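This report follows how the helices of one protein chain pack against each other and where empty space is left between its residues. Please keep the sequence and the model in view while reading.

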Amino acid sequence: MQLSSGRRWAWPYVAWLQAVVATTGSLYFSEVMHLPPCTLCWYQRLMMYPLVFVLLVSLLTQDTRLRAYSLPLSVTGLLIAAYHNLLYYGVIPEGLTQCAAGVSCTARQIEWLGFITIPLLSLSAFTVITLSLLLSKPRGTS
């Protein structure tokens with residue numbers, strides 16, 4: 001599939017919108033629904049929350065180094081989310097995790113349609129952000 005190079009400037013906006021939705025969703029789960037985040041969820045939040053501001057500032061200033069600032073956060077969050085999903089779905093034994101304190105990282109708090117979970121939502125968000133950044137073409141570059 002060939003992507004139109006004329007529309008590649010829009011991908012950072014998709015990444016920013018996804019970061020805003022994910023951040024809002026995580027705050028809704030914890031502050032409105034009173035679902036306590038596990039240790040891995042906290043680590044993922046540490047990667048997601050700054051993305052909202054880093055991407056926004058990069059978009060407003062039309063910074064061509066957007067990927068240099070955003071990809072480390074996004075890829076790190078993606079790796080943590082992938083590990084969390086492997087743990088959550090039993091691919092990795094729970095004994096190989098640091099999730100002993102507080103809420104278990106495999107606790108089933110939400111399961112929409114029988115398979116949509118909080119770790120899956122996080123993995124999806126980081127995947128969308130990472131792919132959007134990789135597909136983007138910074139403004140001002142040829």
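## Helix packing and internal space

The crossing of helix 1 and helix 4 is left-handed. Before going further, it should be said that the model is predicted. The axes of these two helices, helix 1 and helix 4, come within 8 Å and cross at roughly 160°. Because an angle over 145 degrees counts as roughly antiparallel, helix 1 is roughly antiparallel to helix 4. On the side of helix 1, the contact is made by Trp11, Val14, Ala15, Gln18, Ala19, Ala22 and Phe29, while helix 4 contributes Ile118, Leu121, Ala125, Val128, Ile129, Ser132, Leu133 and Leu135. Sorted by class, the residues of this contact between helix 1 and helix 4 are 13 nonpolar and two polar, with no charged residue.

One residue of this contact can be followed in more detail. Gln18 belongs to helix 1, and, when its neighbours within four places in sequence are left aside, Gln18 is in contact with Ala125, Val128 and Ile129. Gln18 and Phe126 are 108 residues apart along the chain, yet their C-alpha atoms are separated by 8.4 Å.

Helix 1 also packs against helix 2, and helix 4 also packs against helix 3. The table sets out the angle and the axis separation for these two pairs.

| Helix pair | Angle between axes | Separation of axes |
|---|---|---|
| Helix 1 (residues 11-32) and helix 2 (residues 39-61) | about 140° | 9 Å |
| Helix 3 and helix 4 | about 150° | 8 Å |

How do the directions of helix 3 and helix 4 relate to each other? The angle of about 150° between helix 3 and helix 4 makes helix 3 roughly antiparallel to helix 4. The crossing of helix 3 and helix 4 is left-handed, and the residues of their contact divide into 15 nonpolar, eight polar and one charged.

Helix 1 and helix 2, on the other hand, are oblique to each other, and helix 1 passes helix 2 in a left-handed crossing. The residues that meet here include Trp16, Ala19, Val20, Thr23 and Leu27 from helix 1, and, among those from helix 2, Arg45, Met48, Tyr49, Val52 and Leu55. The contact of helix 1 with helix 2 is made up of 15 nonpolar residues, three polar residues and one charged residue.

We can now turn from the contacts to the empty space. The largest pocket holds about 360 Å³ of space, and of the 24 residues that line this pocket, the closest to its centre are Ala22, Ser26, Phe29, Ile118 and Ser122. Which helix gives the largest share of the lining of the largest pocket? That share, seven residues, comes from helix 1, although helix 1, helix 2 and helix 4 (118-135) each supply at least two residues of the lining. By class, the lining of the largest pocket consists of 15 nonpolar, eight polar and one charged residues.

The count of cavities of 30 Å³ or more comes to two. In the second largest cavity there is about 110 Å³ of space, and of the 16 residues that line the second largest cavity, Cys41, Ala107, Gln109, Ile118 and Pro119 lie nearest its centre. Helix 3 (66-88) and helix 4 each supply at least two residues of the lining of the second largest cavity, which by class has 11 nonpolar, four polar and one charged residues.

Some residues return in more than one part of this account. Ile118 is part of the contact between helix 1 and helix 4, is among the residues closest to the centre of the largest pocket, and is also among those nearest the centre of the second largest cavity. Ala22 and Phe29 belong to the contact of helix 1 with helix 4, and both are among the residues closest to the centre of the largest pocket.

Key. Residues are numbered from 1 along each chain as its sequence is written. This is a predicted model: local features need pLDDT of at least 70, side-chain atom pairs count only at pLDDT 80 or more; totals for chains, interfaces and linings use all residues. Side-chain values use heavy atoms; hydrogens and water are left out. Axes are lines fitted to C-alpha atoms, for helices over the stretch in contact, and angles run from 0 to 180 degrees between N-to-C directions. Helices (H or I, at least four residues) and strands (E, at least two) are DSSP runs, numbered from the N terminus. Angles under 35 degrees count as roughly parallel, over 145 as roughly antiparallel, 65 to 115 as roughly perpendicular and the rest as oblique. A crossing is left-handed if the near helix is turned anticlockwise from the far one by less than a right angle, and right-handed if clockwise. Contact means heavy atoms within 4.5 Å. Ala, Val, Leu, Ile, Met, Phe, Trp, Tyr, Cys and Pro count as nonpolar, Asp, Glu, Lys and Arg as charged, and the others, Gly among them, as polar. On a 1 Å grid over the protein atoms alone, a cavity is a set of points where a 1.4 Å probe fits but cannot get out, and a pocket is an open set with protein on both sides within 12 Å along at least five of seven lines; lining residues have an atom within 4 Å of a point. Grid points are joined across faces, edges and corners, and a volume is the space filled by probe spheres set on the points.
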